[in-house]
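Biologist: Hello! I would like a close look at a single part of this complex, with the cut-offs spelled out as we go.

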Amino acid sequence: MTTLTDPPRESFRLSMLINDTRYRSLTFQAIALLVLIIAFAYLTNNLLTNLAAAGLNIAYDFLGTPAGYDINQTLVEYDSQSSHARAAVVGILNTLLVAFLACITATVFGVIAGVLRLSNNWLVSKLMAFYVEIFRNIPVLIWIIIIFTIMTAVLPGPREFRGDNPTSSMFLDLFAFTNRGIYIPAPVWGPGSMVVVATFIASVIGVIAYRRYATNLLYSTGRLLPMGWPSLAIFFVPTILMFYILGRPIGLDIPELRGFNFQGGIKVGGPLIALWFALSIYTGAFIAENVRAGIQAVSKGQTEAASALGLRPGRVMNLVVLPQALRVIIPPLISQYLNITKNSSLAIAVGYADITATLGGITLNQTGRAIECVLLLMLFYLTISLSISAIMNVYNNSVKLKER
Amino acid sequence: MSDTHAQTVAFVRDTEIPSAPPPYAATGPVKWMRENLFATPANAVLTLLALYAIYLILAPTLPWILNGVWSANSLAECREILQGATGACFAVLTERWPQLLFGFKYPSDLYWRPTLAFVLLFVAVAPVLFFDLPRKLLIFTGLFPFIAYYLIWGGTIFVPILALVGCIGGFAVYQRFVTGSFAAGFFGGIAAALAIWYIGGLLIPAGASNNAMLTPVPSRDLGGFMLNMMLGVTCVSLSIPIGIALALGRQSSMPLIKVVCVVFIEFIRGVPLITLLFVASVMLSYFFPPESSVDLFLRVVIMITMFSAAYIAEVIRGGLAALPKGQYEAADSLGLDYPQAMRLIILPQALKISIPGIVNVAVGLFKDTTLVSVISMFDLVGMIRGPILASTEWNGVYWELLGFAALLFFVVCYGISQYSQWLERRLATDHR
Amino acid sequence: MKKSVILGALTVAGLSAGAAAAGTLDDVKARGKLNCGVTTGLVGFAAPDANGEWKGFDVAVCRAIAAAVLNDPTAVEFVPTTGKTRFTALASGEIDVLARNTTWTFSRDVDLKFTFVGVNYYDGQGFMVPKALGVSSAKDLDGATVCIQTGTTTELNLADFFRANNINYEPVPIETNAEAQQQYLAGACDVYTTDASGLAATRATFEAPGDHVLLPEIISKEPLGPLVRHGDDEWGDVVRWTLNALITAEELGVTSANVNEMAANTGNPEVARLLGTEGTLGEMLGLDAEWSKRAIAAGGNYGEVFAKNIGEETPIGLARGLNAQWTDGGLIYSPPFR
């Protein structure tokens, strides 16, 4: 940027600090550093004065004291006598859980909508455009509240399953959809169940091995083995056989209405579902746009060349377009995952016990330690974001077009 | 031989027959439907599925909307009118629209002021958005912030005038010195503006706002959709210059400045807006001097501005990176120094590329202003979740209110994104 | 008024809310407005009505203070606070007094450095259930889903109660009263718990209040009262004695209707001292002699305020109960004015 002519050697003068390009950047940096230090000193000084005036101090020992409150969804053991730090861990795990689930479903929604939006079918593509526009242009907070309200207002309460003539009944007698959440049967592992599980894992490996073998055979000899039904057979038959041979060792714990609530089975809580669904359908709209842009970025010549080779449209998509589009799709996709994680902090609007609701909510309320809690909260999100960015950088480097 | 010909051809038509209409199935709506809806069996199935989905959506909502009750004083009255039929209770909107738009404390006889400011906003942004309009209109754009401030907050007219004078003074000093050195002009301009503000601040009489022409309205009384609009417009416009500075800083060759900018950008982008709003509501007041208190609106503006500045900086960095290296080298070879090269060559091009990205950030930010409802500010969502749903009359009217909020946001955001697409097409000067 | 350059710029922006000197009292007088922290909306205690006017029991306390200090009951800036923001708002000087139903607890008083100037409502955490559920005691709630309005000490009391009785529950913490109500009415929870007064206020807004009952158990002590910052005792005294003036006025039969008449011709020396016709109590507080008269005239004495906002005549319909005057067997008791 700067032209480096060889200036005549001369003694250092003060004006060179401004005029000489060799020293000017040093001068600017020194000034910037000074301003930065003064600003920090000013803010810290204000903080200390204000805290001293209020008689407060910054301390983190409240994290070790019993939290005293209960949390409705805990992935690790927790009760009201556990510490605030433990409550924060519960919150962290809940955040990660909902973010993980939402990332998966958002990708599914997004890919389907993105591909369908490019469909030749006018109605379908318009419908998908409508979906994308309506979800992209309305704040996610409103969507979360709307979907939570739908959950609580439309689904029946457990009360309606009760009595001789209940107004609602369980789906297939296995699943209960209530406005408190969805109850699904939980497996009960009897003796010998591990054998069934092992068989299942083995058959999954078998399917993969078979498909790889078939592909290799196709590439080396050109013989095309059937893919579909043998895969299905390998996947299901051995496990089902083993299941009946061992006398059905795996039972089902079916949820049933006892007392106020359904008991037994696995409960997926209403707030989790609302948040999960809202985040995935909202972010799905954004992902759909990324997918569409990615597919459109693959030049038309590629599609035409593939068709000229005689590939069917499905194969054109799978073998030619998508692999190339992925390179364009993945980076914005990962930043959408990041957005999901950050937007999951809106759990506070539906009462889902994520980190913002435990550490940044009840703990902050009860201890009044606002500064400490907010700092810890930001630290957590920062860690997550930076790790995801790091993964993204690694990926970007690995898919970079290798020019030969 | 010649007569064989005459005999084999018994009839030669010497006039053109009128062209027959194409077969019924290859024309008009039928053809369109065959091509666009039922091209293949799979396609037909998709069409039927889509039709079913549309039916599922419309079947309950249409009667609900068409049957809506538009005038009633409470939900109970609404239900009485409906007599058990499906129907919305839009009466809550006709009854409470001022609260939804302006918050519950903005004096009702002053509603014309924010409304006027809103209308003027369009006049002010028009020359920025559409390049074909006469450049003279930009003067009004420059004046708009002061006019809008005066209209919305009221109080003494000296404050906006003083601010304006300070800006003009600063700009004059900048113009005077910028030919010598950019840094001198820039810092001189800032210093001049600050000096004018400081001296002027002492001159304004203390009780000036008590008998002002426009009644002063404290910023705590702002609310409703107006608050979302104000936060969105203020923060985006403030964050663009900061974003440019951050983007340039991140590209800078000076390691210290680069590190500061990178840390700032990555930190802000790494945390959710809601935690920054927590900072504004529970932490930031500890960082101001002990004897002052800065009100919540200003604190929120500071945090949201920082937030959007970080995102805009990344967009502009993309624009800077997209410029061919030749542009930088050409500027250098002309002998331009860094500020000149940036101002005259690089930034005009980089900003042009970045405009669609900036507009996207602006839309996202505007949607995110709803989060202020979490820290007890009564924006549109805050009004709905707080005072209106908690009131005895309207307790339980969720769909109408949420639908109204969604509609308002959709209209604004969809409008902006359509503009951005139009702009993208306009700016596409390359040959594709 | 010391102003740095930055603050000068902020003043130009017109948004800086003025400077706070050492004493809150002088500060309030200089500002001409009282900044009073209230809830974001709990009908009967503090909620804006259809015209945007704040109304309610806590609001009346603020108005009385404003009347006493500034001679204008409307010179109050109501700052809505959530459970999260209220303490910072008070500690950082954004508000002068917090009149949001805040429970007086040891740690808030000692650790968070606030001064609770008194109690204006003795409350306790209760439960509300639909009648159809047929529950008559909170001990029958084993396995129930409980909606909690977060913010006060509610979560902690609830955890303690269920733990002590060795029964299970599932908490659903909800940020605002409106949303908690929606959840409860939709049947997403069986029970709604918060302060009993809040429950009554919430039930009053239901379409069919009769379908819901409050359970007899009150599981906690919740003395609610206004609070100020530690260390500013002059201001604390003003707030404390304004509240006491309202309480004493009820005890002595001084109402907003007869306060002027009583001040002019009373034979009771206690009334004379209270209303400033005898002695110099007002000056001791840093106010004038008429301060308590104005405070009482603003919204009436304690009993009037109670009756007007949350009493049995109102939709909220709370009985005086513990909040009756000590002479009627309640806990409301003011130290003497002398």
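What pLDDT does chain C average, and what share of its residues score at least 70?

Modeller: Happy to help, and chain C makes a good subject. This is a predicted model, in which local features need pLDDT of at least 70 and side-chain atom pairs count only at pLDDT 80 or more, while totals for chains, interfaces and linings use all residues. Residues are numbered from 1 along each chain as its sequence is written, and chains are lettered from A and ligands numbered from 1 in the order in which they are written.

Now to your question. Chain C averages a pLDDT (the predictor's confidence in each residue, from 0 to 100) of 83, with 93% of the residues at 70 or above. The weak stretch is residues 1–21 of chain C, where pLDDT stays under 50. For that stretch the model has 45 contacts beyond four places in sequence; two residues are in contact if their C-beta atoms, placed from the backbone, lie within 7 Å. Among the elements of chain C, strand β1 (residues 16–19) has the lowest mean pLDDT, 38, and strand β6 (residues 97–98) has the highest, 92. For the complex, the predictor gives an ipTM of 0.86 and a pTM of 0.85.

Next, the fold of the chain. Chain C holds 14 helices and 15 strands, where helices (H or I, at least four residues) and strands (E, at least two) are DSSP runs numbered from the N terminus. Its C-alpha trace spans about 60 × 60 × 40 Å along the principal axes. The radius of gyration of chain C is 21 Å, which agrees with the value near 20 Å that a compact globule of 338 residues would have; the radius is taken over C-alpha atoms, and the globule rule is 2.2 Å times the number of residues to the power 0.38. Of the 338 residues of chain C, 58% count as buried; a residue is buried if 20 or more other C-beta atoms lie within 10 Å of its own, exposed if 12 or fewer, and partly exposed in between, with C-beta atoms placed from the backbone. Among contacts in chain C with a separation of 6 or more, 72% join residues 24 or more positions apart.

Chain C is divided into domain 1 (24–122 + 224–328) and domain 2 (125–220), with bounds that come from an automatic or database domain assignment. Over C-alpha atoms, the centres of domain 1 and domain 2 of chain C are separated by 29 Å. Their contact takes 17 residues from domain 1 of chain C and 13 residues from domain 2 of chain C. On the domain 1 side, eight residues are nonpolar, nine are polar and none is charged; here Ala, Val, Leu, Ile, Met, Phe, Trp, Tyr, Cys and Pro count as nonpolar, Asp, Glu, Lys and Arg as charged, and the others, Gly among them, as polar.

Finally, the partner. Chain A and chain C meet through 29 residues of chain A and 31 residues of chain C. On the chain A side, α2 (21–54), α5 (140–154) and α11 (355–367) of chain A each supply at least two residues, and α11(A) gives the most, with six residues. That side of chain A divides into ten nonpolar, 16 polar and three charged residues.
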